[in-house]
Amino acid sequence: MNPELHRIRKILEIYLARSEAAWAALAKEDWNSFDSAMRWRNAAFHNFRAADHLVRRQRSDYLDDPDLHRLGIALQAAEQRLQEAMEKQRDHMSEKLVKITQHQAKIGKFYSGVQEQAGFQKSV
């Protein structure tokens, strides 16, 4: 295999692995790992763009390679799964936000924020 194609394949495999790591972190609601995986995934994407630009100058039909085609299908499936998981988490977080604001309103009605006056009061 051409060294440039091998490099492209390796970059896409890394991108796929980082997408799967982001999906797994999202499923566990591990936000720090999810953020880290998404940053590394973004870096892999930019590496692919740079390598793609260099390879296209030499060979514009390199994506016709069967190995890269299979990898592309796997990437599309992983991308779809990650997008669906992100949308599901977004909806879940929106529901949590609604519940929090409802609880804040209830607490605000119960406790107005005005402190009671302690001590004796004169009255006739």
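A crossing of two helices is left-handed if the near helix is turned anticlockwise from the far one by less than a right angle, and right-handed if clockwise. Keep that in mind for the first stop in this predicted model.

Select helix α1, residues 3–27, together with helix α2, residues 31–58. The two pack with their axes 8 Å apart, at an angle of about 160°. Angles over 145 degrees count as roughly antiparallel, and α1 and α2 are therefore roughly antiparallel to each other. Look along the line from one helix to the other: the crossing of α1 and α2 is left-handed. Colour the α1–α2 contact by residue class, and 20 nonpolar, four polar and five charged residues appear.

Now keep α1 alone. Its 25 residues, at 1.5 Å a residue, should span 36 Å, and the distance between its end C-alpha atoms agrees, because that is also 36 Å.

Still on α1, show the side chains of the buried residues: L5, I8, I11, L12, Y15, L16, S19, A22, A25 and L26. An α-helix has 3.6 residues a turn, so residues three or four places apart point the same way.

Step just past the end of α1 to E29, where phi is positive, at about 55°.

For the last stop, select I8, L12, L16, F48, Y62, L68 and L75. These belong to the largest nonpolar core, which has 15 residues, and they touch the most other members. Add α3 (66–110) to the view: α1, α2 and α3 each supply at least two residues of this core. Which helix gives the most to this core? That is α1, with six residues.

Note on methods:
Residues are numbered from 1 along each chain as its sequence is written. This is a predicted model: local features need pLDDT of at least 70, side-chain atom pairs count only at pLDDT 80 or more; totals for chains, interfaces and linings use all residues. Side-chain values use heavy atoms; hydrogens and water are left out. Axes are lines fitted to C-alpha atoms, for helices over the stretch in contact, and angles run from 0 to 180 degrees between N-to-C directions. Helices (H or I, at least four residues) and strands (E, at least two) are DSSP runs, numbered from the N terminus. Angles under 35 degrees count as roughly parallel, over 145 as roughly antiparallel, 65 to 115 as roughly perpendicular and the rest as oblique. Ala, Val, Leu, Ile, Met, Phe, Trp, Tyr, Cys and Pro count as nonpolar, Asp, Glu, Lys and Arg as charged, and the others, Gly among them, as polar. The expected span of a helix is 1.5 Å times one less than its number of residues. Buried means under 20% relative accessible area, exposed over 50%, partly exposed in between (1.4 Å probe, protein chains only). A nonpolar core is a set of buried Ala, Val, Leu, Ile, Met, Phe, Trp, Tyr and Cys residues joined through side-chain atoms within 4.5 Å.
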